[in-house]
Amino acid sequence: MAIFNGTELGVYIDSTLIAAATDCSLSLSMETIDITTKDSAGWRELLAGTRSGSISCSGLIDYTDASNKDTTDLFAAFENRTALSLTFEKANEVTGDLSFACTGFLTSLEQSGGTEDTATYSATFEISGVITDTAAS
Amino acid sequence: MKVTIQKACKLHGNNWKKGDTPTVTTAFAEKLKKKGYLDAPKKKTEDESNDITEE
């Protein structure tokens, strides 16, 4: 059993961690094609359709983290409509751990700041094309 | 994983200076290690620094 702490998971752009994240998620889904007919005995029948996914990340705003991908880098990716090389993986991989790699676009970037509260960001990347998994060896 | 950059590095759209401590993927850390960005610069040995031969 190798259950691990979710803190270890991160989103990387060009192999570099998105800075000051507090939460991240990878969401995959598949559309289905309905092929239900009168012969289906009252049960829906499906064919597999298009697979797609998105990666989301949220955290605290830092405009000047030169070492990692900060909010400035995220805005540049949005402004330039850059196709980003994304990775979703554990910080300290051990044998058998999976990392997921794909290309994606930053389709949503939200920044907010409440009174007497931390300034936060939220980013969503829509995956374009295939997502591949690699097991650490 | 967190790494310490030992010499200025421009790779994968990054622009790190010596001493930066980015968190990178395990695979990329290996690449940085292979390319020598994570090793302390090799000090010149005494033989190398006395290369100039005097006549």
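## A chat about chains A and B

Guide: Let's start where the chains meet: about 1100 Å² is buried between chain B and chain A, and carbon and sulfur atoms give 40% of that area. Keep in mind that this is a predicted model.

Visitor: OK. Which residues of chain B lose the most area to chain A?

Guide: Those are B:His12, B:Thr23 and B:Thr25. Together they make up 44% of what the chain B side buries.

Visitor: And how many residues are in contact across the two chains?

Guide: On the chain B side there are 13, in contact with 14 residues of chain A.

Visitor: How many salt bridges are there between chain B and chain A?

Guide: The count there is zero. Polar contacts are another matter: 11 residue pairs are in polar contact between the two chains, with both residues at pLDDT 80 or more.

Visitor: What sort of residues does chain B put on that side?

Guide: The side of chain B that touches chain A has seven polar residues, five nonpolar and one charged.

Visitor: Back to salt bridges. How many does the structure hold over all chains?

Guide: Two. One pairs A:Lys90 with A:Asp97, where the closest N and O atoms are 2.8 Å apart. The other joins B:Lys33 to B:Asp39, with the closest N and O atoms 3.1 Å apart.

Visitor: Why would side chains pair up like that?

Guide: Side chains of opposite charge can pair when their charged atoms come close.

Visitor: Are A:Lys90 and A:Asp97 buried or exposed?

Guide: Both A:Lys90 and A:Asp97 are buried.

Visitor: And why does B:Lys33 count as partly exposed?

Guide: Because its relative accessibility is 48%, and partly exposed covers the range between 20% and 50%. Its partner B:Asp39 also counts as partly exposed, because its relative accessibility is 33%.

Visitor: New topic: the inside. How many residues are in the largest nonpolar core?

Guide: It has 18, and A:Ile18, A:Ile55, A:Leu74 and A:Phe125 have the most contacts inside it. Two or more residues each come from strands S1, S4, S5, S6 and S7 and from helix H1, in chain A.

Visitor: Which of those gives the most?

Guide: S7 of chain A, with four residues.

Visitor: What about chain B, which residues does the second core include?

Guide: That separate core has 11 residues, including B:Leu11, B:Trp16, B:Val24 and B:Phe28. In soluble globular proteins, nonpolar side chains tend to be buried together.

Visitor: Let's look at A:Leu74. What does it touch?

Guide: Leaving out residues up to four places away in sequence, A:Leu74 touches A:Ile13, A:Ile18, A:Leu106, A:Leu109, A:Tyr121, A:Ala123 and A:Phe125.

Visitor: Where is A:Thr124?

Guide: A:Thr124 sits in strand S7 of chain A.

Visitor: Why is A:Thr124 called buried?

Guide: Because its relative accessible area is 18%, and buried means under 20%. Beyond four places in sequence, A:Thr124 touches A:Ser54, A:Ile55, A:Ser56, A:Phe105, A:Leu106, A:Thr107 and A:Ser108.

Visitor: Last one: A:Met30. Which strand has it?

Guide: A:Met30 is in strand S3 of chain A, residues 21-34. With a relative accessible area of 43%, A:Met30 is partly exposed.

Visitor: What is A:Met30 in contact with?

Guide: Setting aside neighbours within four places in sequence, A:Met30 contacts A:Ala48, A:Gly49, A:Thr50 and A:Arg51. A:Arg51 is 21 residues apart from A:Met30 along the chain, yet their C-alpha atoms are separated by 4.2 Å.

Terms used
Residues numbered from 1 in each chain as written. Chains lettered and ligands numbered in written order. Predicted model: local features only at pLDDT ≥ 70, side-chain atom pairs only at ≥ 80, totals over all residues. Heavy atoms only, no water. Core = buried A, V, L, I, M, F, W, Y, C linked by side-chain atoms within 4.5 Å. Buried < 20%, exposed > 50% of the residue type's maximum accessible area, 1.4 Å probe, protein only. Contact = heavy atoms within 4.5 Å. Buried area = accessible area lost by both parts, 1.4 Å probe. Salt bridge = Lys/Arg side-chain N within 4 Å of Asp/Glu carboxyl O. Polar contact = N/O pair within 3.5 Å; in protein donor to acceptor, adjacent residues only side chain to side chain. Nonpolar A, V, L, I, M, F, W, Y, C, P; charged D, E, K, R; others polar.
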